[in-house]
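Work through the exercises below with the sequence and the coordinates open. Try each task before reading its solution.

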Amino acid sequence: MAFTAKDVQALREKTGVGMMDCKKALVESDGDMDKAIDILREKGLASAAKKASRVAAEGVVAAYSDATCGALVEINCETDFVAKGEPFVALANKVAKTVVAAKPADVDALLKVKAVDSDKTVEEEVQEVFLALRENMKIRRFALVEGHVSTYIHAGGTVGVIVSFDTDDETAAKDEFAEMGKNIAMQIAAMSPEYMSKEDIPADELAKMQSITVDSALNKPDSLPVPILNSLIEEAKSGKWSAEDTAIYEGLDQKQRKNFVNFISKEAYATLAEIAVSHKEEISENKIFTGLVQGRVAKQIKEICLMEQAFVRSDLFDGTVAGYVNSVAKALGADIKAASFVRLAKGEGIEKKEDDFAAEIASMLK
């Protein structure tokens, strides 16, 4: 029995299965629509399509690397139970190894390549595990980094990190380098930096950080330098505060005035912040305030830039991450530079669906 493109489309609409799988089913069924649906069900494809509407926010991040490059892969499923199971973990590891071997351009390309140590494609490997576990799963994303890399997987696949270094092959082959690379990867997993160094922060992002810091300081007037704060309080007392708040402040001794926020009303504090914001231009030109802002921005940079962060393994090195890398390079008599990193956290950005069990049962009874 012959079939047309419209038949393929009709089968796809009935089952939710991909076009190629629908075409294969129609070929196998000799164009018989009902038989094709049975074939898809037998293969688990139609069932998978139904399950695909369920949110897959669990899963693992897996890693693999060789002497030339490394990869991270995030594969999601529906439950933590499946995510921790051997079949799912093995699948994730196989896919990570395939990324390094095939170097696909994107997830779609990855799904079409042959999996390592297998005669099946990655898509077929995923489907095979689905048939065994009957839970929606998908390869969400991967990162491929070429060069001398170190990888680290935290808490059984909750977070994965890959970091690359510029150095020579001889240095990269040493155990000391491998240990350093793992420590840096662990730092990234724990501290979640956004940039490698402050030089990597875009100018517009730095300007935004500066602007937010200024506004934040003005809206928290008690954190402002004392000369500026006293000026704002004097203006507030000149009729902008209530008589009660003014009297309360005037009745405080010098020690209490350091914590005046604990005594005045919320309305008085809000008024003080409004006064500070109204003088933004003038205050921003104050050298003391400028120093305060620069100090706060510098602190933020130390938090978001890997090389500026304090090295968490203080038992190994007391200083910044950059200092630690330099100390290892010096000990090895080599040049080592941390070049880039990727950090993937399982399920980040996926909004988990909150199931209403009662509503689900009610809908089944209709």
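## Exercise 1: Overall form

The chain holds 19 helices and 6 strands. The model is predicted.

**Task.** Decide whether the chain is more spread out than a compact globule or not, using its radius of gyration.

**Solution.**
1. Take the radius of gyration of the chain: 30 Å.
2. Take the value from the globule rule for 366 residues: 21 Å.
3. Compare. The chain's value is well over the rule's, so the chain is more spread out than a compact globule.
4. Add the box. Along the principal axes, the C-alpha atoms fill roughly 95 × 70 × 35 Å.

**Task.** State what share of the residues is buried, and what share of the exposed area comes from carbon and sulfur atoms.

**Solution.**
1. Of the 366 residues, 40% count as buried.
2. The chain exposes about 20400 Å².
3. Carbon and sulfur atoms supply 52% of that area.
4. Now turn to contacts between residues at least 6 apart in sequence: 64% of them join residues at least 24 apart.

## Exercise 2: Confidence

**Task.** Find the mean pLDDT of the chain, then locate a stretch where the pLDDT is below 50.

**Solution.**
1. The mean pLDDT is 90.
2. A value of 70 or more is reached by 91% of the residues.
3. Over residues 360-366 the pLDDT is below 50.
4. Beyond near neighbours in sequence, that stretch has 0 contacts in the model.

## Exercise 3: Helix α18

**Task.** Check the length of helix α18 against its expected span.

**Solution.**
1. Helix α18 covers residues 321-332, which is 12 residues.
2. At 1.5 Å a residue, the helix should span 16 Å.
3. Its end C-alpha atoms are 17 Å apart, which agrees.

**Task.** Which residues of α18 are buried, and what covers them?

**Solution.**
1. The buried residues are V321, G323, Y324, V325, V328, A329 and L332.
2. Recall the helix geometry: with 3.6 residues a turn, residues three or four places apart point the same way.
3. The cover over the buried residues includes α9 (169-172) and α10 (175-191).
4. Look just past the helix. There G333 takes a positive phi of about 65°.

## Exercise 4: Two buried strand residues

**Task.** Describe the setting of N76: its strand, its burial and its side-chain partner.

**Solution.**
1. N76 sits in strand β2, residues 69-77.
2. Its relative accessible area is 0%, so N76 is buried.
3. Its side chain makes a polar contact of 2.8 Å with the side chain of E74.
4. Leave out residues up to four places away in sequence. N76 then touches A56, E58, G59, F88, N136, M137, K138, R140, G347 and I350.

**Task.** Do the same for H148.

**Solution.**
1. H148 belongs to strand β4, residues 148-154.
2. Its relative accessible area is 15%, under the 20% cut-off, so H148 is buried.
3. A polar contact of 2.9 Å links the side chains of H148 and D169.
4. Beyond four places in sequence, the residues that H148 touches include A67, V163, F165, D168, A172 and F177.

## Exercise 5: Y64 and E13

**Task.** Is Y64 buried, partly exposed or exposed?

**Solution.**
1. Y64 is in strand β1, residues 58-65.
2. At a relative accessible area of 29%, Y64 is partly exposed.
3. Its contacts beyond four places in sequence are C69, G70, A71, A96, K97 and V100.
4. Y64 and N93 are 29 residues apart along the chain, with their C-alpha atoms separated by 7.2 Å.

**Task.** Classify E13, and give its distance in space from K35.

**Solution.**
1. E13 lies in helix α1, residues 5-15.
2. Its relative accessibility is 61%, so E13 counts as exposed.
3. E13 and K35 are 22 residues apart in sequence and 16 Å apart C-alpha to C-alpha.

## Exercise 6: Positive phi

**Task.** Where do R134 and A155 lie, and what phi do they take?

**Solution.**
1. Start from the rule: most residues other than glycine have a negative phi.
2. R134 is not a glycine, yet has a positive phi of about 55°.
3. R134 lies in the loop between α8 (122-133) and β3 (138-146). At 36% relative accessible area, R134 is partly exposed.
4. A155 is not a glycine either, and has a positive phi of about 50°.
5. A155 lies in the loop between β4 and β5 (159-166). At 51% relative accessibility, A155 counts as exposed.

Methods
Residues numbered from 1 in each chain as written. Predicted model: local features only at pLDDT ≥ 70, side-chain atom pairs only at ≥ 80, totals over all residues. Heavy atoms only, no water. Helix = DSSP H or I, 4+ residues; strand = E, 2+ residues; numbered from the N terminus. Buried < 20%, exposed > 50% of the residue type's maximum accessible area, 1.4 Å probe, protein only. Polar contact = N/O pair within 3.5 Å; in protein donor to acceptor, adjacent residues only side chain to side chain. Contact = heavy atoms within 4.5 Å. pLDDT = per-residue confidence, 0-100. Expected span 1.5 Å × (residues − 1). Rg over C-alpha atoms; globule rule 2.2 N^0.38 Å. Areas by Shrake-Rupley, 256 points an atom, 1.4 Å probe, with all protein chains shown as cover.
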